[in-house]
Amino acid sequence: MIVTGCLGAKGNVVRDLHPRVLAVTGPHACEEVMTAVHFHLPKPHDPFVDLVPPQGIKLTPRHYAYLKIAEGCNHRCTFCIIPQLRGDLVSRPIGEVLREAENLVRAGCRELLVVSQDTSAYGVDLRYRTGFWNGRPLKTHLTPLAAALGELGAWVRLHYVYPYPHVDEVVPLMAEGRVLPYLDVPLQHASPRILKAMKRPANTGDTLARIGRWRDICPDITLRSTFIVGFPGETEDDFRQLLEFLQAAELDRVGCFSYSPVDGATANALIDPVPEEVRQERQARLMEAQAAISARRLQRKVGRTLHVLVDSHTEAAEAVARSSADAPDIDGVVYIKDGAALPVGEFAEVRVVDADEHDLYAERCGTARSKRKNHRSNH
Ligand code: SF4
């Protein structure tokens with residue numbers, strides 16, 4: 001028996017009265033009802049017709065996957081044409097996102113990388129309406145989504161999160177080990193004049209205060225950001241403000257792009273383009289300054305024990321792994337000496353013995369006992 005309709009939206013009213021019902025959903029929940037039907041009455045597998053596995057087809061290795069929670073963007077940054085191409089923000093129903101995540105974890109995925117153009121805006125287009133996951137009502141909002149994803153037993157990593165006030169609610173989940181203590185916050189610049197020309201919703205003073213609060217709540221948090229240098233009109237003084245911000249913020253991971261015009265972007269109409277060689281030179285200066293900050297921060301990890309996920313092996317019999325601080329492809333890695341026997345896609349415990357500007361070097365101290373263990377590291 002599956003119950004669907006308005007009463008289904010009212011918490012546990014139906015379940016309390018009839019605990020044996022298989023599923024309860026709110027109204028207009030065709031997809032949830034069909035998922036419940038297929039769950040309790042699975043179709044027999046037909047290898048000639050069922051070419052797509054239940055977890056879908058993905059291009060990443062089996063042990064991590066990108067989980068897209070929304071498409072489009074409500075911002076209008078002047079250097080970007082994504083809103084023209086993909087339109088305004090359209091959030092996926094929370095139940096659908098969680099079912100996809102569940103299928104991925106069931107199929108062996110150990111890490112879910114939550115992505116969208118603006119992850120912190122998730123649900124705003126749906127007015128944070130209540131959706132359902134396994135009969136449980138959940139608001140279409142980043143915090144309940146992150147908490148529910150954290151129940152699945154995989155690492156949960158959040159990308160493209162803007163420093164809005166409500167993001168503060170997610171950080172305690174990181175401190176509790178429910179989602180990875182990692183936030184990818186694209187800030188783009190620190191000079192108020194340039195941020196205004198970029199039409200970015202940011203205030204450098206507030207951002208520094210917010211970063212400080214996040215670190216108070218979760219001292220282990222890794223912060224990643226990306227910046228654009230050489231935006232039209234950027235003066236040496238604007239650039240200096242950006243460098244000062246980096247010194248004050250001490251971000252763990254930083255990507256830097258030298259500005260390049262995109263066809264159709266409104267920034268193309270801005271006067272005062274920065275010459276190519278100046279853009280390149282500023283990019284190099286920024287990366288040099290950040291490399292020193294990164295090296296300093298990584299050095300503090302020497303001697304610590306980390307929980308890592310093994311990605312691959314090198315010819316030198318090392319395992320290449322990542323800790324909570326390392327997103328695939330964009331951040332550093334942890335090289336594990338004598339790690340050839342560590343299976344790809346499994347967790348391990350390692351002790352950090354050395355560090356450079358971007359990577360850590362570690363030795364094994366046994367394999368992780370539990371695959372469900374989140375990010376906790378022993379100090
Ligand atoms: S840069 Fe990001 S936030 Fe700005 S318009 Fe493009 S997608 Fe939206």
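**Exercise 1. Find where Tyr128 lies, then decide whether it is buried, partly exposed or exposed.**

Solution. Tyr128 belongs to the loop between β6 (111-115) and β7 (130-133). The model you are working with is predicted. Next, check the backbone: phi of Tyr128 is near 55°, a positive value in a residue other than glycine. For context, most residues other than glycine have a negative phi. Finally, take the accessibility: buried means under 20% and exposed over 50%. Tyr128 has 28% relative accessibility, so it counts as partly exposed.

**Exercise 2. Repeat the analysis for Tyr160: which loop holds it, and what is its phi?**

Solution. Start with the location: Tyr160 is in the loop between β9 (155-158) and α6 (171-175). Its phi is positive, about 55°, although Tyr160 is not a glycine. To finish, Tyr160 counts as partly exposed because its relative accessibility is 34%.

**Exercise 3. Describe the surroundings of the ligand: which pocket does it sit in, and which residues surround it?**

Solution. First, place the ligand: it sits in the second largest pocket. Then list the neighbours, which are Cys73, His75, Cys77, Phe79, Cys80, Ile82, Pro83, Gln117, Tyr162 and Arg200. Sorting this shell by class gives seven nonpolar, two polar and one charged residues.

**Exercise 4. Test whether the radius of gyration of the chain agrees with that of a compact globule.**

Solution. For 379 residues, the globule rule predicts a radius of gyration near 21 Å; the chain has 23 Å, so the two agree. Now add the extent: the C-alpha trace spans about 70 × 55 × 45 Å along its principal axes. As for burial, 51% of the 379 residues count as buried.

Note on methods. Residues are numbered from 1 along each chain as its sequence is written. This is a predicted model: local features need pLDDT of at least 70, side-chain atom pairs count only at pLDDT 80 or more; totals for chains, interfaces and linings use all residues. Side-chain values use heavy atoms; hydrogens and water are left out. A residue is near a molecule or strand if one of its heavy atoms lies within 4 Å of it. On a 1 Å grid over the protein atoms alone, a cavity is a set of points where a 1.4 Å probe fits but cannot get out, and a pocket is an open set with protein on both sides within 12 Å along at least five of seven lines; lining residues have an atom within 4 Å of a point. A molecule sits in a cavity or pocket if more than half of its atoms lie within 2 Å of its grid points. Ala, Val, Leu, Ile, Met, Phe, Trp, Tyr, Cys and Pro count as nonpolar, Asp, Glu, Lys and Arg as charged, and the others, Gly among them, as polar. Helices (H or I, at least four residues) and strands (E, at least two) are DSSP runs, numbered from the N terminus. Buried means under 20% relative accessible area, exposed over 50%, partly exposed in between (1.4 Å probe, protein chains only). The radius of gyration is taken over C-alpha atoms; the globule rule is 2.2 Å times the number of residues to the power 0.38.
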